[in-house]
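Student: I would like a close look at one part of this model, taken slowly and with the geometry spelled out. Could you choose a part and walk me through it?

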Amino acid sequence: MSYTNVRKIGNKEAIWFLVILFVSKILFADINRYVGQSGTAAYIQTIWCAFLAAVIFIVTATLSGEHDIFQASYLALGNVGMKIVGIIISLMLLLNAGVMMRVYAEIISSIALPDASEFFILVALVIAAAFAAFSGIGTLGAYSFAAGIVLVATLSAILILNIPNYDLSNIYPVLGNGIGSILSGVDGLSVYADVFLVFLMATHFSKGTSAKKAGLRAIIISGVVITATTFLYILTVPYPAATEFSLPILEIAFDVNLDVIFQRAEGLFLFLWIFSGFIVIGAYICFSILSFERSFNLSDRRGVIGVFLLIGLGVAMSMESVSLQRDLYAAFYMAFTAVSYGLPLAVFGIRKLRGR
Amino acid sequence: MIRDLFLYKEPNESYSFDIKTERAENGTLPSMTEVSTKIDENLAYAKALLSYPKNGDIVIREFNVVVEEDTLRGFVVCADGLSGSAMINDNVLMPLMCLSDLERNHGESTEDYICRRLIPHVRLNKKTDINALLEAVNFGDCAVFIDTLSVGFGMDVKAWAHRSIGEPQNETVIQGPHEGFNEMIRNNTALIRKTLNTSNLVMENVTLGKTSKTYSAVCYLKNVANSSLVDEVMYRLKNIDVEYMLSSLNLMQYIEESTYLSIPQMVATERPDRVCNALVEGRVAIVVNGSPQVLIVPTTIFDMATSPEDMYLRFPYSLLVRIVRIAAIILSLLAPAVFIAIMNFHQELILTDILFALSKARSAVPFSSLVELLLMELSFELIKEAGIRVPGPVGSTLGIVGGLILGQAAVSANIVSPIMIIVVAITGIASFAIPSYQLSFSFRFMRFVYTFAAALAGFFGIFAVMFVDTLLIVNTKSFGAPYAVPLAPRTRSRISNIFFTEPIWKGGKRPDYLEPKDDRDSPRISRKWKYKKR
Amino acid sequence: MMMRKFMLLLSVLGILMLCGCGGREIDDVAYVVAIGIDRMDGNYEFTFAIGNPDSINGEGEDPLVFESAVSGDIFTAGDEISARVGQEVNFSHAELLVFSKEIALGGVNTFLDELTRNLDQRPKLIPAVASGSAKETLQGVNSQFEGNPEKYLKKIFEYSASPVSTGIDSRDFLCRTKNINTGTALPKITSDDGTTATSMAVFYGDRMIGEFKDLSSYKLLSGMGEQMNCDVNGLGSMHLNQRVPPNIRVRCEDVPKIDITVILDASVNTRNPDISKDDLYLTAENVLRARMLELLEFTSIDAGVDILGFERYARKNFYTWDDWKEYEWCNRYGIAQFNLEVKLIPQKTGLVKGES
């Protein structure tokens, strides 16, 4: 391993980076989506979604031929095509970063800082994202390896501390709302939508790192974590009531009765939430800038970081409230998922068809 | 006297001094580069360069050398106090003045005659560079010039008074060697070489500072240390443009990568065993004359947290001590911040028993928790600083007084609550448990940042600062090695080693981020006695 | 250099903007330990038992200060009391929530919902019903041996080994109100000192529908029978310890058949020397069985609501939630047949040799 100015990302770093991006989704209401769709069989739906995501990813990765998406779009669609693809990805990630900033700020404001204005929290998120953006993808990847293990361990701690509250009878009936509901619950694929980022990272990979291996392993690890968390959530909170809570992991963290110095494990959830928020938002900003840089062949990406951060902040502040505009948020997220899976598949497919 | 009271007297002009602007005078010294064959020129130059006789400790002794029928004039220059008179008398003056009437061999030049047959000193340098010879006088050498010779002779006759080898001041251990470096570079290099008595140990000399000409030595094992690392160290050392380099800790600030980062990027140690261990791993050590701290590069944040004693304790004890140390590190950095966050933002987290006890303790205190904490921290810092400078006998008294004032009186006066004193005391004790003095300083600084962040935004503030702090640490490098390796980025080394110790016989692999020439320092099975059939 | 300046500017801005959200000091908050809700003049009277830190674990005045306010919702009442006491009222350490009987009969969902959605409030808040006025019940709480009233209430109402605890906290209660197939049993406080609850209030949804006098049978059938003492119909007394939960099997036929086996470690003693140990244990078993059957018949025939949670075992007979809903457990429970077996395993102390 050699250390040059541009830090390279290894397999493990890429895997854990993606794991953080995937698992952080379940800190939101994504578990509710599974539970609402499949009832007590929500954990089966998570396995199904992970399987589907893995299949789509394998197909995409096989078509990629170890090219990154920019190289592939250049080969497939020419220079103009590459720029258009780059702009789409950059814009999409930037909008997602802005939306995520707002969501995180709202929730942190509700659960941790009720007296603080969301603007202040947004600014703090922007500052953290700025540090991440300046550090670059290599550093973020390296950071994610250490952070990923700690975050997954923290999540495991919350789940383990909840053992006295588990009731195995809560998983019955085993098929929940039926096999049809389980199989049709493909909107859970949005959890793994960020896997397409491996196709942007390819030029930063160190020797021996493969996008296919990293992405697949990340999906498997995340699938296990998400399935286990969903399963244990259902064991804790019985089905009809399980859909009522907007932050399921916070709810089970609340339920922990420590009675030793601390009485609740909510601090663990705050740690998970805030850290994953910084990494996720930092990652989106980083990749948005990377996409822009690759599309327009910038010599120094640091010049545009400030602009991107301001745009992200603007997007975050343009919404009145994510809670009020839930439909818009849901629609945006579906569009993001569709583009995340569809765009790389399309680009790599065209490249393959053209035989380049 | 009464007359003097009423009669006017012109006042004496009061004395006043102002520093006048002055620039260095260039070209007043006669310039010479090579030793002249004329002794008077050499003598005049030596007197001018060394400001003789103004410089009271420079000694110039003229003498005559009889070489067959010729009587040659000569002189020796040395610094009184730095050089040993007995050595000069025995090795220079006695043979040159009294024994110079030996028969010269056929064809033997005067230079060879003096160098090979008269002067018995083991470290005799023959040089034509007069400046090098005379500059070396400032470091304890003596310079000998003989008429008609175009060379001068320099000899190492150092004999200045210095501290003997004693116990390291800042890195004491209970079990293990008690030798520590002192200010003499040769003593320090000798301590290293006698432990690592291998011919692969290289100590390259580098001179630092244009005027101070401080000697330093770059030490490494040539069969282990990565050549690019050694080259980088030499490159940085040779490309520092300063007049004076007075200690290794000054040098550290010149060659480290991020000056503004709170965390130090190299280890400064007073222990020879630690340096030897580092060299065996493939690191490079820099010894600087005049400083008992030896720098070790590269280093990682996990190396900072290890104590020299870890090598000497049995595995179960070292494991326990390492865990305690990790807890100390976390407490020293985060305890006040977490306390403030819970007191001000997250009261629902703590048990009701504790909550009411804290509330009762704080009810009479007029200040906010943050102000209370800052007052206590400031007092603690003042006591620490005063404790360093206070004379020995008064030190313990000051400690008692400080503790009484801070502990008892402040609580009785309701300036602070008892719980705050406990928090600050635990934090202070934990910071003393950190093995690296530089790292503990860094944590002292960062503790305030975390505390302010906690006071502003509770756990969110703490985690935000933690994210930025850890990101900066991951982003930093120490002589090419990422600072948080092998955790971030992940390398082949075992992660468990950074948090927990392992039995010494399980080691054997050098840290892979150092890219050593030989990645094993011992075989996989080092305890052959266990598996061999007798 | 540019990055450093930019970072510094952002950091300073961020720090400056965060001023003003410095939280509140621990001694500026009034912590509510217990809440009582009564009906008054078409509205509700909320009584808060606020902990007095100076008196808790110390000498002097009462450790609890009682403040009441009449209002439509708990938070408005909280604001009113905050203004009165000069400290912000906080529910995060509240242990007990007492409804008056009138409120319980009318439905408690509003209060439960608004309290549970408040993130400060702890899920371990124990709901209970007062036989009279909730305010008077609270004011009667007098902890003589425990300086901290919150801990005292926790020992009485939260710990499962306590004779007055039904093991239901506010989160469980809320979940059960959402489940049409199950009911809830809450302790009914019957004494003036606010802590004796020998009967339980039975709820279906959020309304109280009845009472049952024997709390001990409920605890034994729920698996909470740790260290209980019962009378053997005047013949003697028994000390029971339930180390394993009851073995419950539900067969979902046209008439649900519920098989229950309760195994208890018992030490039965009698003042009558003429009764043999075997007969005594047999009598004790029959006594316990009769009491538990009485409760089962009450829940099934009289109240018609499954407060013991047999529906959890019944669900195992179905694969999907639709099948389960079709079975209509809530209606069929009323005609369920119970097959109850009680086994007492004699506990031997080993100190005194006696008849085996």
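Tutor: The expected span of a helix is 1.5 Å times one less than its number of residues, and with that in hand we can turn to helix α5 of chain A, residues 118–161, bearing in mind that the model is a predicted one. If this helix of 44 residues were straight, it would span 64 Å, yet its end C-alpha atoms are only 31 Å apart. Along its course α5(A) bends by about 110° at A:Gly136. As for its surroundings, 33 of the 44 residues of α5(A) are buried, so the helix is largely enclosed by the rest of the structure.

Chain B offers a sheet to set beside this helix. Its five strands form an open sheet in the order β1-β2-β4-β5-β3, with antiparallel pairing, and the edge strands, each pairing on one side only, are β1 (58–67) and β3 (124–127) of chain B. On average, neighbouring strands of the sheet are turned by 25° against each other, direction ignored. At the β3 edge, four bridges join β3(B) to the antiparallel strand β5(B), residues 152–156, and within that strand B:Met155 is the bridge partner of B:Leu124. Helix α3(B), residues 85–98, packs on this sheet, touching β1, β2, β4 and β5 of chain B, and its direction makes about 170° with that of β2(B). Helix α5 of chain B, residues 130–137, lies across β2, β3, β4 and β5 of chain B and runs at about 140° to β4(B).

Methods:
Residues numbered from 1 in each chain as written. Chains lettered and ligands numbered in written order. Predicted model: local features only at pLDDT ≥ 70, side-chain atom pairs only at ≥ 80, totals over all residues. Helix = DSSP H or I, 4+ residues; strand = E, 2+ residues; numbered from the N terminus. Bend = angle between axes of the 7 residues up to and from the residue. Buried ≥ 20, exposed ≤ 12 C-beta atoms within 10 Å, placed from the backbone. Pairing = 2+ DSSP bridges. Axes fitted to C-alpha atoms, helices over the stretch in contact; angles between N-to-C directions. Contact = placed C-beta atoms within 7 Å.
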